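The following exercises are to be worked with the sequence and the coordinates at hand. Each task is followed by a solution in steps.

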Amino acid sequence: MSSSSLLRMLAVGLPLVLGCADFQRGDPTPDAGVSPTNDGGSGGDGGEAVSFASIHPLLTSGCQSCHRSGGAAGDTGFVLTGDAEADYLEATSSIDVSNPPASRLLRKASGAGHGGGAIYRDTSTEYQTLLAWIAGGAQP
């Protein structure tokens with residue numbers, strides 16, 4: 001490989017890696033590859049229902065840097081715009097209220113089959129908030 005080809009590869013690839021990579025995320029949670037079981041829809045603490053107003057900031061801060069038009073994951077089936085209404089529709093297309101832990105949104109967030117690694121470990125407050133939102137019927 002010539003040095004100019006190598007430089008071209010670095011010039012194209014490095015911004016993509018640096019723009020999307022979050023080196024603090026780490027590996028998927030240990031059970032990320034295990035199919036979740038239906039726990040009857042529980043996942044929250046039985047408290048107040050979580051609204052999408054609490055979820056949207058988690059998606060924009062944890063996912064939108066890559067999952068946006070023109071982003072490293074902009075050609076996937078999950079693209080966020082920053083508009084709460086549009087992002088609500090996008091998020092609800094990736095959830096299963098009858099089996100919240102099996103929701104694609106949660107599985108990807110915990111690192112299962114996600115090229116970006118674990119965004120929110122299943123023990124994190126953010127993950128538990130997402131789970132509670134889905135278990136509560138994914139209220140707008």
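The exercises proceed from the whole chain to helix packing and then to individual residues.

**Exercise 1. The chain as a whole**

Task: State how many helices and strands the protein chain has, and describe its surface and its contacts.

Solution.
1. The model is a predicted one.
2. The protein chain contains five helices and zero strands, and its pattern along the sequence is α-α-α-α-α.
3. Of the 140 residues in the protein chain, 36% are buried.
4. The accessible surface amounts to about 7,900 Å², and carbon and sulfur atoms contribute 55% of that surface.
5. Among contacts in the protein chain with a separation of 6 or more, 64% are between residues 24 or more positions apart.

**Exercise 2. The packing of α2 against α5**

Task: Determine how α2 and α5 are oriented to one another, and identify the residues that make the contact.

Solution.
1. Two packed helices are described by the angle between their axes and the distance between the axes.
2. Helix α2 covers residues 52–62 and helix α5 covers residues 125–135; the angle between them is about 140° and their axes are 10 Å apart.
3. Angles over 145 degrees would count as roughly antiparallel, and those from 65 to 115 as roughly perpendicular. The angle of about 140° therefore makes α2 oblique to α5.
4. The crossing of α2 and α5 is left-handed.
5. On the α2 side the contact is made by F52, I55, L58 and L59, and on the α5 side by E126, T129, L130 and W133.
6. By class, the residues of this contact between α2 and α5 are six nonpolar, one polar and one charged.

**Exercise 3. The packing of α2 against α3**

Task: Classify the orientation of α2 and α3 from their angle, and list the residues that meet.

Solution.
1. The axes of α2 and α3 are 10 Å apart, and the two helices pack at an angle of about 85°.
2. Angles of 65 to 115 degrees count as roughly perpendicular, so α2 is roughly perpendicular to α3.
3. From α2, F52, H56, L59 and T60 meet A84, D87, Y88 and A91 of α3.
4. The residues of the contact of α2 with α3 comprise five nonpolar, two polar and one charged.

**Exercise 4. The buried residues of α5 and the segment after it**

Task: Find which residues of α5 are buried and which helices they pack against, then inspect the backbone after α5.

Solution.
1. The buried residues in α5 are Y127, L130, L131, A132, W133 and I134.
2. These buried residues pack against α2, α3 (84–92) and α4 (104–109).
3. Just after α5, G137 has a positive phi of about 100°.
4. A138 is in the segment after α5. The phi of A138 is near 55°, which is a positive value in a residue other than glycine.
5. Buried means under 20% relative accessible area. A138 has a relative accessible area of 3% and is therefore buried.

**Exercise 5. The surroundings of L59**

Task: Establish whether L59 is buried or exposed, and name the residues it touches.

Solution.
1. L59 is in helix α2.
2. L59 has a relative accessible area of 1%, so it is buried.
3. Leaving aside residues up to four places away in sequence, L59 touches F52, Q64, L80, A91, L105 and L130.
4. The C-alpha atoms of L59 and Y88 are 9.9 Å apart, with these positions 29 residues apart along the chain counted as their separation.

**Exercise 6. Two loop residues and one helix residue**

Task: For H67, S94 and A109, give the location, the burial and the residues touched.

Solution.
1. H67 is in the loop between α2 and α3, and its relative accessibility of 12% is why H67 counts as buried.
2. Residues up to four places away in sequence are not counted here: H67 touches A73, T76, F78, V79, L80 and H114. H67 and V79 are 12 residues apart in sequence, and their C-alpha atoms are 4.7 Å apart.
3. S94 is in the loop between α3 and α4, and it is buried at 11% relative accessibility. On the basis that residues up to four places away in sequence are not counted, S94 touches F78, S103, R104 and L105.
4. A109 is in helix α4 and is buried, with a relative accessible area of 7%. With residues up to four places away in sequence not counted, A109 touches A118, I119 and Y120.
5. A109 and C63 are 46 residues apart in sequence, and their C-alpha atoms are 8.5 Å apart.

Definitions and conventions: Residues numbered from 1 in each chain as written. Predicted model: local features only at pLDDT ≥ 70, side-chain atom pairs only at ≥ 80, totals over all residues. Heavy atoms only, no water. Axes fitted to C-alpha atoms, helices over the stretch in contact; angles between N-to-C directions. Helix = DSSP H or I, 4+ residues; strand = E, 2+ residues; numbered from the N terminus. Parallel < 35°, antiparallel > 145°, perpendicular 65-115°, else oblique. Left-handed = near helix turned anticlockwise from the far one by under 90°. Contact = heavy atoms within 4.5 Å. Nonpolar A, V, L, I, M, F, W, Y, C, P; charged D, E, K, R; others polar. Buried < 20%, exposed > 50% of the residue type's maximum accessible area, 1.4 Å probe, protein only. Areas by Shrake-Rupley, 256 points an atom, 1.4 Å probe, with all protein chains shown as cover.
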